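Q: I would like a close look at a single part of the structure shown below. Please treat that part in detail and then set it in its surroundings.

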Amino acid sequence: LPISYAGYAYAAALCWSVESNRGLDLARALDTHVFLDEGHVMGQLALDLGNTYQENGKLLGNQTVPSMFLYNYGAPSDAKQFNEIKEKPLKKSVKAIEKILPQLAQARMKRADAQLVADEFKNNAAMAIHGLRLGIARLNSKESTVAQLPAEERKALAADLERIIAEHRRLWLERNREGGLQYSTKGFEGLLAAYKGQ
């Protein structure tokens, strides 16, 4: 995931010298050494997007609230993992992502794959927003499953997810072998089928 750049960079800095890099200006280091961004946008943007999980109202273990809704689409609405999830924090998270993402236009990355990096950030943000909107839809529905959401809502979510999947496939093949593509889209395809009542 694009926001992983921050973790990799900080870990590398600490491996080189803990004392010298404990208080590292990570955003600046990312702009200088990772994104090669003369606009000094990408480092802070990556950190800010990575921190939007704090708006969700609930901290989870090895996943985020958006991914929980994306990958646990088969669970009923009263499942234990959905306890304490509230609509207001999810909406706040959507707004936070939508506020941060336009800053991409101000970046001046000198990497050969600058456009690809920007597109990866956009699609990952789209995935997060989709998971949050699915969560909002489920919280607002009295129905138990994704397949029972109102037809028009499922239709809109399906169209959005189809765009995300198509872009994910394109981006995957830019950096990876085709072999893992099917596995990487399996969860999304299952959710899409649920939207379509299949």
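Which residue takes a positive phi just after α3? Please describe the helix, the loop that follows and the contacts that link them to the remainder of the chain.

A: The residue is L36, whose phi is about 50° just after α3. The model under discussion is predicted, and every value below is computed from it.

The overall setting comes first. The protein has nine helices and zero strands, so that, by the run-based assignment of helices and strands, its order along the sequence reads α-α-α-α-α-α-α-α-α. The C-alpha trace spans about 55 × 35 × 30 Å along the principal axes. For 198 residues a compact globule would have a radius of gyration near 16 Å, and the 18 Å of the protein agrees with this. Of the 198 residues, 44% are buried. Among contacts with a separation of 6 or more, 68% are between residues 24 or more positions apart.

Helix α3 covers residues 26-34, and its buried residues are L26, A27, A29, L30, D31 and V34. These buried residues pack against two helices, α1 (4-16) and α4 (42-50). The packing with α1 can be described further. The two axes lie 10 Å apart and form an angle of about 95°, which makes α1 roughly perpendicular to α3. On the α1 side the contact involves Y5, A6, A9 and Y10, and on the α3 side L26, L30 and V34. By class, the residues of this contact comprise seven nonpolar, no polar and no charged. L26, L30 and V34 thus appear both among the buried residues of α3 and in the contact with α1. The spacing of these positions can be read against a general rule. An α-helix has 3.6 residues a turn, so residues three or four places apart point the same way.

The loop between α3 and α4 holds two residues with unusual backbone values. Most residues other than glycine have a negative phi. L36, which lies in this loop, has a phi near 50° although it is not glycine. Its relative accessibility is 35%, and L36 therefore counts as partly exposed, the range for that class being 20% to 50%. H40 is also placed in the loop between α3 and α4. The phi of H40 is likewise positive, near 50°, in a residue other than glycine. H40 is exposed, with a relative accessible area of 58%.

The loop also takes part in a salt bridge. The side chains of E38 and R108 meet with an N to O distance of 3.5 Å. Because E38 lies in the loop between α3 and α4 and R108 in the loop between α6 (87-100) and α7 (114-140), the pair ties together parts that are 70 residues apart in sequence. Both partners are partly exposed: E38 has a relative accessible area of 42%, and R108 has a relative accessibility of 43%.

This pair can be set beside other salt bridges in the protein, for which the count comes to 13. One of them joins R175 and E120, whose closest N and O atoms are 2.6 Å apart. Since R175 lies in helix α8 (residues 151-175) and E120 in helix α7, this pair ties together parts that are 55 residues apart in sequence. R175 is partly exposed at 38% relative accessibility, whereas E120 is buried, with a relative accessible area of 11%.

A further salt bridge is found within a helix, between E167 and R170, with the closest N and O atoms 2.7 Å apart. These two residues are three apart in helix α8 and are therefore separated by about one helical turn. E167 is partly exposed, with a relative accessible area of 22%, and R170 is partly exposed as well, at 35%. Salt bridges that share partners also join R111, D113, E120 and R175 into one network.

To return to the part requested, α3 has buried residues that pack against α1 and α4. After that helix, L36 takes its positive phi, and E38 in the loop between α3 and α4 is tied to R108 in the loop between α6 and α7.

Definitions and conventions. Residues are numbered from 1 along each chain as its sequence is written. This is a predicted model: local features need pLDDT of at least 70, side-chain atom pairs count only at pLDDT 80 or more; totals for chains, interfaces and linings use all residues. Side-chain values use heavy atoms; hydrogens and water are left out. Buried means under 20% relative accessible area, exposed over 50%, partly exposed in between (1.4 Å probe, protein chains only). Helices (H or I, at least four residues) and strands (E, at least two) are DSSP runs, numbered from the N terminus. Contact means heavy atoms within 4.5 Å. A salt bridge is a side-chain nitrogen of Lys or Arg within 4 Å of a carboxyl oxygen of Asp or Glu. Axes are lines fitted to C-alpha atoms, for helices over the stretch in contact, and angles run from 0 to 180 degrees between N-to-C directions. Angles under 35 degrees count as roughly parallel, over 145 as roughly antiparallel, 65 to 115 as roughly perpendicular and the rest as oblique. Ala, Val, Leu, Ile, Met, Phe, Trp, Tyr, Cys and Pro count as nonpolar, Asp, Glu, Lys and Arg as charged, and the others, Gly among them, as polar. The radius of gyration is taken over C-alpha atoms; the globule rule is 2.2 Å times the number of residues to the power 0.38.
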